[in-house]
Structure formats: structure tokens, C-alpha cells
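Please look over the sequence and the structure below before reading on. The briefing then takes the features by topic.

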Amino acid sequence: YTGTLVSDGSKFDSSRDRGTTFKFVLGQGRVIKGWEEGFASMKVGEKAILKIRYDYAYGESGSPPKIPPKADLFFDVELIDFQEKPKQRWEMTAEERIAQANKLKAAGTEEFQK
């Protein structure tokens with residue numbers, strides 16, 4: 001991603017400049033609300049420019065020194081990969097629990113035979 005201010009186009013952060021990807025889990029509140037909503041609708045490989053209003057970004061106070069108060073932001077993003085969170089046991093159907101148990105049993109047997 002590359003983040004810029006809508007007001008003057010100045011760049012405040014870029015994972016591309018660092019040569020790294022940014023990993024996060026949706027729904028845990030670890031990223032700004034605009035990312036939560038923007039990435040939730042994307043498909044793997046999709047690129048987008050998210051225009052995020054200040055109240056979906058860093059709010060009234062901003063994130064000094066690079067992001068001023070009430071700053072609207074642009075993020076040039078790409079969804080490189082996505083992994084669904086595994087279901088918890090209580091969220092699975094009986095068939096899914098049996099399939100998961102068989103998968104774990106096979107993995108355990110394979111490890112035991114090494």
C-alpha cells in the first residue's frame with residue numbers, strides 16, 4: 001500500500017517503499033475502519049484506491065506528525081493474499097467436524113510414521 005493525504009498528495013507511509021507486505025486480520029480493529037470496509041469487498045489480486053474520510057481513518061486528532069487532524073486519505077492498495085479464519089468447533093456442522101477430525105488424524109498418523 002501507499003498512503004497519501006487527499007489535501008496535498010503528500011505520501012505519509014508506504015509498505016512498497018519498505019519492500020514488505022502489510023498483514024492484518026479483518027474484524028479485529030487493528031486497522032482503520034476504512035481499511036476494514038474496503039478490503040472486505042476485495043478479491044485476491046485486485047488493486048484499488050481507497051478514499052477514506054477522516055472519521056474512517058484517524059479521526060479528529062489525526063496521527064501526528066505525518067497525518068494532520070481530520071485528514072482524508074488515499075490508499076493505493078492491492079490484496080495479495082487472503083486466508084479465511086478457520087471455523088471454531090461450535091461453528092461447524094457435524095459433517096465438517098468429522099472431516100476436520102479425519103484431517104487431523106491423517107496428519108498425526110503421517111507425523112508418527114516419520
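The points below cover the core, the surface, the charged pairs and one loop.

This is a predicted model. Its largest nonpolar core has 17 residues. The structure also holds 7 salt bridges. The loop between S3 and S4 contains a cis proline and a positive phi, both described below.

**Nonpolar core**

- Seven of the 17 core residues touch the most other members: Trp35, Phe39, Leu50, Ile52, Leu73, Phe75 and Val77.
- Helix H2 (33-40), S3 and S4 each supply at least two residues of this core.
- S4 gives the most to this core, with 3 residues.
- In soluble globular proteins, nonpolar side chains tend to be buried together.
- Leaving aside residues up to four places away in sequence, tryptophan 35 touches Tyr1, Phe22, Phe24, Leu26, Ala40, Leu50, Ile52, Phe75 and Val77.

**Nonpolar surface**

- Leu26, Val44 and Phe82 make a nonpolar surface patch of about 260 Å².
- Leu26, one of the patch residues, is also among the contacts of tryptophan 35.
- Phenylalanine 82 sits in the loop between S4 and helix H3 (94-112).
- Phenylalanine 82 has 45% relative accessibility, so it counts as partly exposed.

**Threonine 2 and its surroundings**

- Threonine 2 is in strand S1 (residues 2-5).
- Is threonine 2 buried or exposed? Threonine 2 is buried, because its relative accessible area is 18% and the cut-off for buried is under 20%.
- The side chains of threonine 2 and serine 14 share a polar contact of 3.1 Å.
- Not counting residues up to four places away in sequence, threonine 2 touches Lys11, Asp13, Ser14, Arg16, Phe74, Phe75 and Asp76.
- Those contacts include Lys11, Arg16 and Asp76, which appear again in the next group.

**Salt bridges**

- Side chains of opposite charge can pair when their charged atoms come close.
- Aspartate 76 forms a salt bridge with arginine 16, with the closest N and O atoms 3.6 Å apart.
- This pair links distant parts of the chain: aspartate 76 is in strand S4, arginine 16 is in helix H1 (residues 15-18), and they are 60 residues apart.
- Aspartate 76 is partly exposed, at a relative accessible area of 34%. Arginine 16 is partly exposed too, at 38%.
- Aspartate 17 pairs with lysine 11 in another salt bridge, with the closest N and O atoms 2.7 Å apart.
- Aspartate 17 has 56% relative accessibility and counts as exposed. Lysine 11, at 47%, counts as partly exposed.
- Lysine 114 and glutamate 111 meet through their side chains in a salt bridge of 3.1 Å, N to O.
- Lysine 114 is exposed, with a relative accessible area of 70%.

**Loop between S3 and S4**

- Arginine 53 lies in the loop between strand S3 (47-52) and strand S4 (73-78). Proline 65 and lysine 70 lie in this loop as well.
- Arginine 53 is partly exposed, at 46% relative accessibility.
- A polar contact of 2.6 Å joins the side chains of arginine 53 and aspartate 55.
- Arginine 53 and lysine 70 are 17 residues apart in sequence, yet 8.3 Å apart in space, C-alpha to C-alpha.
- Most residues other than glycine have a negative phi, and most peptide bonds are trans.
- Proline 64 and proline 65 are joined by a cis peptide bond, with omega about 5 degrees.
- Lysine 70 is not a glycine, but has a positive phi of about 55 degrees.
- Lysine 70 is partly exposed, with a relative accessible area of 46%.

Technical notes:
Residues numbered from 1 in each chain as written. Predicted model: local features only at pLDDT ≥ 70, side-chain atom pairs only at ≥ 80, totals over all residues. Heavy atoms only, no water. Helix = DSSP H or I, 4+ residues; strand = E, 2+ residues; numbered from the N terminus. Buried < 20%, exposed > 50% of the residue type's maximum accessible area, 1.4 Å probe, protein only. Polar contact = N/O pair within 3.5 Å; in protein donor to acceptor, adjacent residues only side chain to side chain. Core = buried A, V, L, I, M, F, W, Y, C linked by side-chain atoms within 4.5 Å. Contact = heavy atoms within 4.5 Å. Patch = residues over 30% accessible without salt bridge, like charges linked within 9 Å, V, L, I, M, F, W, Y side chains within 5 Å. Areas by Shrake-Rupley, 256 points an atom, 1.4 Å probe, with all protein chains shown as cover. Salt bridge = Lys/Arg side-chain N within 4 Å of Asp/Glu carboxyl O.
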